[in-house]
Structures are given as C-alpha cells and as structure tokens.
Amino acid sequence: MARDRAVWVESGVAADGTFVVEVHADGDWSFALDRDRALAYVATVYDAAARAEYDAAILRQLTSRGLSREVVGEVIIKDLRPDRPPLNDAATAPLTFTPIVSEVSGHPFVHVHVHGRSAREPQFLAQWKPASARQHAGHVLDALAVVDLDAGYLRALVGVIGIDAPRARAVVATLADHRRPAA
C-alpha cells in the first residue's frame, strides 16, 4: 500500500471476489481499476507530469531569450495547450490531474482534484511535483502486479492450506505489511 496525504493505492477485493487496484482519495472516495483502466490511469498521470515539465521548460527557454513571463504564459495557455489532445480524464475519474506551472516560481506541478460531490467546483486534493505524480503512477503499477499475486495466494490459502475464504482474505490483506523491507 502506498499512502499520500490525499491519495493512496492498494490491492483490494471487488464485490465479485476478484482482486483489483483500489485508489483511495481524501479518505472519502475509493474506486477500483481493472487492468486496462489502470494502465490508462498510469498513462494519464505520466502525461500530466510530462506536460507540466514541458510547459515549465518552455517558460525557462523563452524567458531566457528575453520574452516576458506574461507573453510566454499566453503562448502556452492560448496556443500550445489547446493544440494538445485532452488528457484521458475518464481513465482517472473521479480524479483529474491538471498540469500547471507556478506563476511565481516557474516550477511544474500537477494539481489533483476529485469530482462528484456536487455540480460545483471539484475539490482540490493535492499539488504534486511531477516526480511525485510519477511515483503515484508507479504505485498503481505495483498494485496492478500484486492483484494477480494476491489472487493466487488466496487460492493457495483456501485450496491448499484449507483456510476459510473470509480468514484467507484477511491474511492476504495483511501481506502488504510483510512485503515492506525491514528498516
């Protein structure tokens, strides 16, 4: 399990008993990702991180050549961003990942929002550096690999060792504590 103040990822069990990647947001939201959606989710998060870094690089490059931040910001916002394909928000819903460049520092960030509470503004969850966004995506990939392993372990606990299914699921759920290297 990988935890952040606002968003964390773990292997979980769906209502039908299959193992899935679970994304938890702000303690109030949880949603499952199957294999295809998890891969699309990861690609979208990586895309948002790359776009934030790209825009920050353009800002550095063009301001170093004497253009004002305001002019460069207009080019990025009005000319470059509209020309890009949209991020795949359906793959990350109810979360959205928005690449930004700080107006003050010029550093790239990814804003994380959760939607669905109301028709009003989405709730802001976090501002990540691109490296943190990529780390989150890596946690999704790790969990994606683990769900298949968890399913096999559960089958072995029930079918080979003879533990009843509810207790076996509890054993599998605590395995994450044993997967962490000793400090």
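**View 1. Charged side chains of the chain.** In this predicted model, the chain carries 20 positive and 23 negative side chains, and the centres of these two sets lie 4 Å apart. The surface on which solvent could be accommodated is described by an exposed area of about 10600 Å², of which carbon and sulfur atoms supply 55%.

**View 2. Order of helices and strands.** The chain contains 5 helices and 6 strands, and anyone who follows the sequence from its start will meet them in the pattern β-β-β-α-α-α-β-β-β-α-α. The radius of gyration is 20 Å, well over the 16 Å that the globule rule gives for 183 residues, so the chain is more spread out than a compact globule. Along its principal axes, the C-alpha trace spans about 70 × 40 × 25 Å.

**View 3. Burial and contacts across the chain.** Of the 183 residues in the chain, 38% are buried. Among contacts with a separation of 6 or more, 48% are made by residues that stand 24 or more positions apart in the sequence.

**View 4. Surroundings of Ala 126.** Ala 126 belongs to strand β6, which covers residues 123–128. Its relative accessible area is 4%, and because buried means under 20%, Ala 126 counts as buried. When the neighbours within four places in sequence are left aside, Ala 126 is in contact with Ala 6, Val 110, His 111 and Val 112.

**View 5. Ala 126 and His 136.** These two residues, Ala 126 and His 136, are 10 residues apart along the chain, and their C-alpha atoms are separated by 12 Å.

Technical notes
Residues numbered from 1 in each chain as written. Predicted model: local features only at pLDDT ≥ 70, side-chain atom pairs only at ≥ 80, totals over all residues. Heavy atoms only, no water. Helix = DSSP H or I, 4+ residues; strand = E, 2+ residues; numbered from the N terminus. Rg over C-alpha atoms; globule rule 2.2 N^0.38 Å. Buried < 20%, exposed > 50% of the residue type's maximum accessible area, 1.4 Å probe, protein only. Contact = heavy atoms within 4.5 Å. Areas by Shrake-Rupley, 256 points an atom, 1.4 Å probe, with all protein chains shown as cover. Lys, Arg positive; Asp, Glu negative; His and termini not counted. Charge placed at Lys NZ, Arg CZ, Asp CG, Glu CD.
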